[in-house]
Every structure is written in structure tokens, then in C-alpha cells.
Amino acid sequence: MLTRRGFNALTAGALATLSAPGIVRAQDKITVKFSHVVAPDTPKGKGALRFKELAEQYTDGAVTVEVYPNSQLYKDKEELEALQLGAVQMLAPSLAKFGPLGVQQFELFDLPMLMNSREDLRKITDGPVGKQLLGMLEPKGIIGLAYWDNGFKIMSANSPLHVPDDFLGLKMRIQSSKILEAQMEALGAVPQVMAFSEVYQALQTGVVDGTENPPSNMYTQRMNEVQKHATLSRHGYLGYAVIVNADFWKGLPEDTRASLDKAMAEATVYANSIAEEENANALQAMMDAGTTTFYELPPDERAEWEAVLRPVHEQMADRIGPELIQQVYDTLGTPS
Ligand code: LMR
């Protein structure tokens with residue numbers, strides 16, 4: 001639901017866009033509003049700032065990129081509506097948040113225990129599956145430009161999470177993905193979809209008991225202050241698709257678009273090169289802070305997680321498409 005603040009901002013933004021000429025002329029000053037929900041000091045936050053720097057440099061200042069972090073402009077669902085209306089031009093939503101757009105195939109990245117490494121991830125994002133998924137955005141008035149990494153997720157709560165039984169009855173915050181809903185249910189937890197900006201307070205007040213995220217998100221939102229336990233389960237992946245409003249992008253002068261493409265390609269290499277280290281640093285900082293006990297899953301307990309989580313693939317195959325899942329398995333060499 002749009003809040004009044006969000007609606008007013010959205011309406012004003014949309015009107016400004018509508019009153020602008022359909023085609024952007026070379027001499028027009030171009031502004032790209034890039035909205036996102038995480039802190040500036042995260043892989044996505046830093047990637048957005050690098051894109052701004054390069055885009056402004058490569059267009060000799062003809063393009064200004066305004067980056068709005070931390071859900072300052074819009075929360076998760078609102079930002080997608082704002083992009084479609086043209087109130088903002090660029091976003092990088094988590095791959096788990098494309099369901100409400102009707103492109104739920106992106107949820108394949110949420111399948112638990114699917115990928116073992118960033119090499120696995122690259123095989124999907126840089127191969128035919130990654131391209132196919134971005135292509136599905138075009139009928140929605142959106143162009144997918146790139147995949148940006150965050151990292152593998154850890155589970156947190158105020159009680160230890162060693163084996164699936166430890167999840168029984170826990171209210172776990174998730175992103176708006178049906179696969180993540182099925183994942184939490186398979187563990188015996190009660191999933192609760194919630195915007196990212198609301199998670200800290202929900203954990204603090206006990207509205208939810210726990211959540212999952214890569215360390216960089218957990219640390220920069222200070223979730224470690226309100227979660228006594230975390231398990232380094234790396235049971236699933238969280239990353240992003242950088243997307244733009246198609247009318248805006250196609251209406252850009254060709255040389256400007258080429259400069260922005262170049263800036264995006266370089267910002268992508270940068271964002272993906274820092275993600276692993278950002279997460280390792282965030283984990284270390286949380287360990288040093290000492291408010292959360294971190295637990296590494298031994299192989300026998302990991303096998304228990306796998307036994308309950310792997311069936312989620314088959315259970316949710318129709319949502320993603322069995323053929324697409326098979327294509328992913330073939331790409332990764334996963335036995336089906
Ligand atoms: C979340 O909602 O947990 C993440 O999608 C936030 C983000 O954008 O990394």
C-alpha cells in the first residue's frame with residue numbers, strides 16, 4: 001500500500017514526467033533518480049554511488065544521478081510502482097521482490113540450498129537464464145540492465161537455530177517471495193512478509209522473532225543488536241537486478257544511453273567485486289560487537305536442513321516453471 005507521503009511523492013514525480021516532452025533532447029538536463037532500500041555502506045549502496053560518479057563523468061555532467069538510499073523515497077513495493085509510473089528512473093530491487101510485478105520467475109534465486117558459491121551464481125546471471133529473466137521485464141515497461149551481488153544469507157533469531165526443529169513456531173520476516181514463504185514453512189516457522197525498512201523495529205518489539213539476510217544488511221540495519229543468535233547457514237542467496245523505466249531509457253539520446261551503459265557495466269564490475277568482502281567485514285564487525293552468537297553449521301546438521309529444504313524446489317516448481325528449474329539444474333550440474 002502507498003502511504004500518503006509515498007503517494008504524493010509518486011504523483012508529483014509522475015506529473016513531472018508526464019509534462020516533460022516524450023523525447024529527451026540532447027540539450028535537456030537529464031536526472032536519473034535511483035531509489036533503493038539499503039544503507040549507503042552496503043554492496044548495493046556503494047554500487048549505486050559508483051554508478052552516479054561514472055554516469056556524471058561519462059556524460060560530462062549532462063546526466064545527474066540522484067541516489068536515495070534507506071527507503072528515503074519509497075519502500076519495497078512502492079518503489080516498483082514508482083518506477084513503472086516514471087516517478088523514479090532506476091532501482092535495484094532484490095531478486096526476491098519481482099513477484100508483485102508478475103515476473104515471479106526471478107524467485108528461482110530464492111530456492112534454498114541451490115547454489116554453493118558465487119561461481120554457481122555467475123553461471124546463472126551471466127548465462128542464458130539470466131538474460132531470459134531480464135527479458136521478461138520488458139512487457140512490464142522495464143528494462144533490466146545488470147545483476148548486482150549481495151551474498152549468501154544467514155538466519156537469525158533470539159534463540160539458537162541449529163536444526164529445523166529450532167524454527168518451530170518462530171515468526172520469521174521474509175521478503176515478498178512465495179519461495180521464501182515455502183522455505184520458512186518447510187522449517188516449521190511462520191513467515192511474515194514485511195518491508196525491509198520495518199524489520200529492525202519489528203525485531204526489536206517482538207512483532208517477529210527472526211529473519212534472514214546477508215551479513216551486510218544485518219549489520220548496516222543494526223539487526224545484530226536485537227538478535228541474540230545467528231546461524232551461518234548460507235542456505236540461500238540475495239542479490240539484485242538493476243532496472244530502469246523503459247520509456248525513459250529508450251527516450252534518451254543514443255550517445256547518452258551509451259555512456260550510461262558504460263557507467264553501468266563498470267559499476268557492476270565494481271559492485272560485484274566488493275560484495276564478498278563487504279559481507280565478510282560486516283560479519284566480523286558483528287562478531288566484534290558481541291551482541292549476537294554466531295554458529296557454524298556442522299555437516300550433520302546441515303544435512304538436516306537440506307532434507308527439509310530441498311523438497312521446496314519440487315513443491316514450488318509450478319511457480320517458477322519446471323523447465324526453467326531444469327535449465328538451472330543443467331547449468332549448475334545439480335542432480336534433479
Ligand atoms: C530485504 O528486504 O531483506 C532485502 O531485499 C533488502 C535489500 O535490498 O538488500
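A cavity, in these legends, is a set of grid points where a 1.4 Å probe fits but cannot get out. The views below all come from a predicted model.

**View 1. Two enclosed spaces in the predicted model.** With the definition above in hand, the structure holds two cavities of 30 Å³ or more. The largest cavity has a volume of about 90 Å³, while the second largest cavity holds about 40 Å³ of space. Each gets its own close-up here.

**View 2. The largest cavity and its lining.** Fifteen residues would be a lot to label, so start with the ones nearest the centre of the largest cavity: Val37, Ser94, Lys97, Gln175 and Tyr240, which belong to a lining of 15 residues. Helix H3 (76-85) and strand E10 (237-245) are the elements that give two or more residues to this lining. By residue class, the lining of the largest cavity splits into six nonpolar, four polar and five charged. Domain 1 (4-108 + 116-149 + 239-277) and domain 2 (154-236 + 281-332) both contribute lining residues, so the largest cavity lies between them.

**View 3. The second largest cavity.** Here the whole lining can be named: Phe109, Leu111, Leu114, Met115, Phe152, His235, Gly236 and Tyr237. Six of these lining residues count as nonpolar and two as polar, with no charged residue in the lining of the second largest cavity.

**View 4. The second largest pocket, an open space.** About 360 Å³ of space lies in the second largest pocket. Its lining has 16 residues, and those closest to the centre are Arg118, Phe152, Arg234, Glu276 and Asn279. Two or more lining residues come from each of helix H4 (118-125), strand E4 (142-152) and helix H10 (254-289). H10 gives the most to this lining, with four residues. If you are thinking about chemical character, the lining of the second largest pocket divides into seven nonpolar, four polar and five charged residues. Both domain 1 (4-108 + 116-149 + 239-277) and domain 2 (154-236 + 281-332) supply residues to the lining, so the second largest pocket lies between them. Phe152 is worth finding in this view and the previous one: Phe152 is among the residues closest to the centre of the second largest pocket, and Phe152 also lines the second largest cavity.

**View 5. Aromatic pairs.** The count comes to five aromatic pairs, and two of them are described here. Phe34 and Trp148 make a tilted pair, with 6.2 Å centre to centre and 35° between the planes. Phe34 lies in strand E1 (residues 30-35) and Trp148 in strand E4, so this pair ties together parts that are 114 residues apart in sequence. Phe34 counts as buried because its relative accessibility is 0%, and Trp148, at 1% relative accessibility, counts as buried too. The other pair, Phe98 and Phe106, is stacked, at 4.5 Å centre to centre with 25° between the planes. Phe98 and Phe106 are both buried.

**View 6. Charges over rings.** Two side-chain contacts close the set. The charged end of Arg50 sits over the ring of Tyr270, at 3.9 Å from the ring centre. Likewise, Lys262 places its charged end over the ring of Tyr58, at 3.8 Å from the centre of that ring.

Definitions and conventions: Residues are numbered from 1 along each chain as its sequence is written. This is a predicted model: local features need pLDDT of at least 70, side-chain atom pairs count only at pLDDT 80 or more; totals for chains, interfaces and linings use all residues. Side-chain values use heavy atoms; hydrogens and water are left out. On a 1 Å grid over the protein atoms alone, a cavity is a set of points where a 1.4 Å probe fits but cannot get out, and a pocket is an open set with protein on both sides within 12 Å along at least five of seven lines; lining residues have an atom within 4 Å of a point. Grid points are joined across faces, edges and corners, and a volume is the space filled by probe spheres set on the points. Ala, Val, Leu, Ile, Met, Phe, Trp, Tyr, Cys and Pro count as nonpolar, Asp, Glu, Lys and Arg as charged, and the others, Gly among them, as polar. Domain bounds come from an automatic or database domain assignment. Rings of Phe, Tyr and Trp (its six-membered ring) pair if their centres lie within 6.5 Å; planes under 30 degrees apart count as stacked, over 60 as edge-to-face and the rest as tilted. Buried means under 20% relative accessible area, exposed over 50%, partly exposed in between (1.4 Å probe, protein chains only). A charge sits over a ring if NZ of Lys or CZ of Arg is within 6 Å of the ring centre and within 35 degrees of the ring normal.
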